[in-house]
Amino acid sequence: MSQYQRLLLIINPVLRLSPALNHAAALAKASGASLHIVALIPSFKWLSLLEEGDRQLAREGYLQDHRDWLKTQAENLRGRVIEVTTEVTWAEDIKQDIIDRVTDMQPDLLIKEIQRESALKRAFFTPLDWHLLRHCSVPVYLVGGRGFVLPRKVVAAVEVSDSESADNELNERIIKQACSLAMQCNAELHLLYACDISVAYLAHMGDLPLADLTRALHSDLEKSFARLADQFAVPADRRHFIEGHPVTVLSEFANEQNVDVIVMGRVQSHGIDKLLGSTTEHILYQVPCCVLAV
């Protein structure tokens, strides 16, 4: 039985060429899951300038136009033997409306196109996608980049340490989610760890020369990564232990290797990290592919 039984796709019906619809349909077809499409329309302030009767007519006419369009899309998908339901509605609070629908429906995946925001805007407002990464109770599949509609290459991005830690449980969830996606899409599964050994991290580790500490820690991390890869039987040519900052490493790897989906963990942000954003949040604006956050 497929891991995915119910998929929830959130779209902005104004952006009718969004790739998210094709991605969600392909995944539903491959997995046999049902697909519920919700088109959320933000309320327009200009409607308040109209008389009440005209305002109601304008709202209904606008909604009906999008309902007709989405009905046509759904009929096309049903022709491909995909179980589809649709909903078009006004949204007073898009962030909360999405969270509420996830809570009610409990889908296996929330699918949405990446909404790119400028660095200046991110400095003052939490982007919608960041909000979903922080508060959504199910895995979030954010569609972006140039990749195939159905993934051909899936990368599980893990975080290992030189000792047993809580990271292991999250790593297992990441890899299992990536394995399931890869199997359902007949895609290659790769395992990647970006090894970032900073001077600050090593400063508290005693009086040994820095070079010796770096080599020792590097060796321990490589062994931990190898054990994790062995546990899930990842072939040697699909294991990637790469030195560098995670955002840089993942971005360059995704570009060079034509990656379609990166599967990563979602870690709750606190304090200054909540303002700056996590690695997963920043990856959205750097990689030319989709991101599945677990």
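These exercises work through side-chain contacts, burial and backbone geometry in a predicted model.

**Exercise 1. Classify the ring pair of Trp130 and Tyr285, and place both residues in the fold.**

Step 1. Start with the whole structure: a search finds 4 aromatic pairs.

Step 2. Take the geometry of this pair. The ring centres of Trp130 and Tyr285 are 6.4 Å apart. Rings pair if their centres lie within 6.5 Å, so the distance qualifies.

Step 3. Take the angle. The planes stand at 55°. Stacked requires under 30 degrees and edge-to-face over 60. The pair is therefore tilted.

Step 4. Place the residues. Trp130 belongs to helix α5, residues 128-135. Tyr285 sits in the loop between α11 (279-283) and β10 (290-293). The pair therefore ties together parts that are 155 residues apart in sequence.

Step 5. Check the cover. Trp130 is buried, and Tyr285 is buried too.

**Exercise 2. Which residues form one aromatic cluster?**

Solution. The cluster is formed by Tyr193, Phe225 and Phe241.

**Exercise 3. Determine how many residues of α5 are buried, and list them.**

Step 1. Count. In α5, 7 of the 8 residues are buried, and the helix is mostly covered.

Step 2. List. The buried residues of α5 are Leu128, Asp129, Trp130, His131, Leu132, Leu133 and Arg134.

Step 3. Link back. Trp130 is the α5 member of the tilted pair with Tyr285. Arg134 returns in the next exercise.

**Exercise 4. Analyse the salt bridge between Glu281 and Arg134.**

Step 1. Set the scene: the whole structure contains 6 salt bridges.

Step 2. Check the distance. The side chains of Glu281 and Arg134 meet at 2.8 Å, N to O. The cut-off is 4 Å.

Step 3. Locate the partners. Glu281 lies in helix α11, Arg134 in helix α5. The bridge therefore ties together parts that are 147 residues apart in sequence.

Step 4. Buried or exposed? Both Glu281 and Arg134 are buried.

**Exercise 5. Describe the salt bridge of Glu169 and Arg173 by distance, place and exposure.**

Step 1. Distance: the closest N and O atoms of Glu169 and Arg173 are 3.2 Å apart.

Step 2. Place: both residues lie in helix α6, residues 167-185. They are 4 residues apart, about one turn of the helix.

Step 3. Exposure of the acid: Glu169 has a relative accessible area of 54%. Exposed means over 50%, so Glu169 is exposed.

Step 4. Exposure of the base: Arg173 has 41%. Buried would need under 20%, and exposed over 50%. Arg173 is therefore partly exposed.

**Exercise 6. Give the N to O distance for Arg239 and Asp230, and the exposure class of Arg239.**

Step 1. The side chains of Arg239 and Asp230 meet in a salt bridge at 2.7 Å, N to O.

Step 2. Arg239 has 26% relative accessibility, so Arg239 counts as partly exposed.

**Exercise 7. Which residues form a negative surface patch, and where does Asp104 sit?**

Step 1. The patch consists of Glu92, Asp93, Asp100 and Asp104.

Step 2. Asp104 lies in helix α3, residues 94-105.

Step 3. Test the patch cut-off for Asp104. Patch residues need over 30% relative accessible area. Asp104 has 68%, and therefore also counts as exposed.

**Exercise 8. Examine the positive phi values of Gln106 and Ala233.**

Step 1. Recall the background. Most residues other than glycine have a negative phi.

Step 2. Take Gln106. Phi is positive, about 50°, although Gln106 is not a glycine. Gln106 lies in the loop between α3 and β4 (109-113). At 36% relative accessibility, Gln106 is partly exposed.

Step 3. Take Ala233. Phi is near 55°, again positive in a residue other than glycine. The place of Ala233 is the loop between α8 (210-231) and β8 (239-243). Ala233 has a relative accessible area of 63%, so Ala233 is exposed.

**Exercise 9. Set separation in sequence against separation in space for Ile111 with Leu8 and Arg16 with Trp69.**

Step 1. Ile111 and Leu8 are 103 residues apart along the chain. Their C-alpha atoms are separated by 6.0 Å.

Step 2. Ile111 lies in strand β4. At 0% relative accessibility, Ile111 is buried.

Step 3. Arg16 and Trp69 are 53 residues apart in sequence. Their C-alpha distance is 8.9 Å.

Step 4. Arg16 is in the loop between β1 (6-11) and α1 (20-31). At 33% relative accessibility, Arg16 counts as partly exposed.

Definitions and conventions:
Residues numbered from 1 in each chain as written. Predicted model: local features only at pLDDT ≥ 70, side-chain atom pairs only at ≥ 80, totals over all residues. Heavy atoms only, no water. Phe/Tyr/Trp six-rings, centres within 6.5 Å; stacked < 30°, edge-to-face > 60°. Helix = DSSP H or I, 4+ residues; strand = E, 2+ residues; numbered from the N terminus. Buried < 20%, exposed > 50% of the residue type's maximum accessible area, 1.4 Å probe, protein only. Patch = residues over 30% accessible without salt bridge, like charges linked within 9 Å, V, L, I, M, F, W, Y side chains within 5 Å. Areas by Shrake-Rupley, 256 points an atom, 1.4 Å probe, with all protein chains shown as cover. Lys, Arg positive; Asp, Glu negative; His and termini not counted. Charge placed at Lys NZ, Arg CZ, Asp CG, Glu CD.
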